[in-house]
Each structure stands twice: as structure tokens, then as C-alpha cells.
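Visitor: Please give me a close look at the charged and polar side chains here. Keep the sentences short, and spell out every cut-off you use.

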Amino acid sequence: ETSHWQTSKNQHSDKQAKKDTLRQENPYKSYMENKLPDGSLVNVNTADTATLMRIPGIGPYFSHRIVSYRERLGGFYSLQQLHEIENLPENIGDWLYIDDSPCKKLRVNHASLKELKDHPYIGYYRARAIIDIRKTDGRVQNMRQLLFLDAFSETDIARLEPYLDFN
């Protein structure tokens with residue numbers, strides 16, 4: 001006949017055995033099972049956050065940052081643009097590619113001050129300069145016209161070119 005103490009002790013050892021089994025499972029292994037295999041490539045301009053989170057080193061925080069920045073830009077035209085996202089793992093480019101689809105264009109002569117300033121490469125002062133040209137000249141003709149403004153450097157123009165539409 002088993003005493004209450006022995007039954008309790010047996011139940012305790014069963015619970016301990018289960019805990020030990022759980023501890024032995026590697027949480028990193030189950031995490032990595034959902035990750036993409038080496039050599040996989042993801043289109044950074046079409047991937048959603050769930051797909052981006054399958055890239056090793058990318059969790060919810062960075063996947064959201066990538067998608068958010070992509071939407072603010074109008075799409076990526078170069079993987080180098082990913083370096084503009086603070087603290088993103090350096091090897092992220094090994095997992096991503098960009099197809100040849102064009103970036104979303106910002107209609108310079110029709111966009112509001114808010115639409116212009118919200119673009120990461122424009123901001124308030126450059127947006128204000130564009131609005132001022134539209135007020136004085138009626139419209140911005142091309143990229144070269146922006147070069148005459150103090151607010152735009154040649155580097156700024158080169159970064160903005162894929163995003164601006166002057167029609």
C-alpha cells in the first residue's frame with residue numbers, strides 16, 4: 001500500500017521529468033525552423049512583415065521598420081537604402097533583392113505640402129521650396145530646376161530622381 005507521501009513524491013517526479021524534457025528542447029531550434037533556408041531571396045518591395053520575419057535576425061521590430069520605410073519612400077530602388085534604417089543587421093542584403101518594377105512616383109506639381117514633406121528625402125524645407133517654385137513659376141519643370149535651390153544638393157537630386165514625376 002502506498003502512502004499519500006509516496007504518491008505525491010511520484011507525481012512530483014513525473015512533473016520534474018516533464019520540466020526537464022521541456023528545458024532540453026532548444027527554443028532557438030524551433031525559432032530557426034520558421035526561418036528561410038540559406039540562399040533564399042525575398043523581394044523587399046513586395047514582402048509583408050510575416051515574410052520578412054522569416055529572415056534570420058529579423059523579428060517584428062525590423063520587419064515593421066522595413067515595410068514602414070518602404071511605404072514612406074514609395075519603394076526601394078537600391079539595397080543600399082536599407083542602411084538608412086537604423087541598426088538593421090548588416091547582412092540583411094544577403095536575403096533580399098529588388099525587382100525592376102518602378103518606385104511609386106510623387107507628382108511634384110500636384111502634391112500637397114504634407115505629401116511632399118512626408119517623403120523621407122524631402123522634408124519640410126525642401127517641400128516648402130518646391131511649393132514656392134510652383135507659386136512663382138507655375139510648375140517645376142525638371143530635376144535640374146531643383147538644383148538651383150539651396151535646399152537641394154546633387155546628392156539629394158540623385159536620391160530623389162526615381163521618386164519624382166514632373167507631369
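Guide: The tour below starts with the ground rules, then takes the charged pairs, the polar contacts, one backbone angle and a pocket.

This is a predicted model, and local features need pLDDT of at least 70, side-chain atom pairs count only at pLDDT 80 or more, while totals for chains, interfaces and linings use all residues. Residues are numbered from 1 along each chain as its sequence is written, and side-chain values use heavy atoms, with hydrogens and water left out.

Charged pairs come first. The structure holds five salt bridges. A salt bridge here is a side-chain nitrogen of Lys or Arg within 4 Å of a carboxyl oxygen of Asp or Glu. One of them joins E84 to R159, with the closest N and O atoms 3.9 Å apart. E84 sits in the loop between α4 and β2 (96–97), and R159 in helix α8 (residues 154–160), so the pair ties together parts that are 75 residues apart in sequence. Helices (H or I, at least four residues) and strands (E, at least two) are DSSP runs, numbered from the N terminus.

How open are these two side chains? Three words cover it: buried is under 20% relative accessible area, exposed is over 50%, and partly exposed is in between (1.4 Å probe, protein chains only). E84 is partly exposed, at 32%. R159 is also partly exposed, at 28%.

Next, helix α6. D132 and R128 meet in a salt bridge of 3.5 Å, N to O. Both lie in helix α6 (residues 123–137), four residues apart, which is about one turn of the helix. D132 is partly exposed at 37% relative accessibility. R128 is partly exposed too, with a relative accessible area of 25%.

K114 and D118 form another pair, at 2.6 Å, N to O. Here K114 is exposed, at 51%, and D118 is partly exposed, at 31%. K117 joins in as well: K114, K117 and D118 are linked in a network of salt bridges.

Now the polar contacts. A polar contact is a pair of N or O atoms within 3.5 Å; within protein, one must be able to donate a hydrogen and the other to accept it, and residues adjacent in sequence count only if both atoms are side-chain atoms.

Take N45. N45 lies in the loop between β1 (42–43) and α3 (49–52). N45 is buried, with a relative accessible area of 18%. A polar atom of the N45 side chain lies 2.7 Å from the backbone nitrogen of F76. Contact means heavy atoms within 4.5 Å. Leaving aside residues up to four places away in sequence, N45 touches R70, G75, F76 and I98.

F76 leads on to D99. The two are 23 residues apart in sequence and 9.5 Å apart in space, C-alpha to C-alpha. D99 lies in the loop between β2 and β3, and is partly exposed at 28% relative accessibility. The side chain of D99 makes a polar contact of 3.0 Å with that of N43. Another, of 2.7 Å, joins the side chains of D99 and S101.

S40 belongs to the loop between α2 (27–33) and β1. S40 is buried, at 17%. Its side chain reaches the backbone oxygen of P37 at 2.8 Å. Not counting residues up to four places away in sequence, S40 touches D94 and W95.

One backbone angle is worth a stop. Most residues other than glycine have a negative phi. N87 has a positive value, near 65°. N87 lies in the loop between α4 and β2, and is exposed at 62% relative accessibility.

Last, the pocket. A pocket is found on a 1 Å grid over the protein atoms alone, as an open set of points where a 1.4 Å probe fits, with protein on both sides within 12 Å along at least five of seven lines; lining residues have an atom within 4 Å of a point. Grid points are joined across faces, edges and corners, and the volume is the space filled by probe spheres set on the points. The largest pocket holds about 270 Å³. Its lining has 14 residues, with R72, K104, K105, L106 and E115 nearest the centre. Elements giving two or more residues to this lining are α4 (60–73) and β3 (106–107). The largest share, three residues, comes from α4. By class, the lining has seven charged, three polar and four nonpolar residues. Asp, Glu, Lys and Arg count as charged; Ala, Val, Leu, Ile, Met, Phe, Trp, Tyr, Cys and Pro as nonpolar; the others, Gly among them, as polar.
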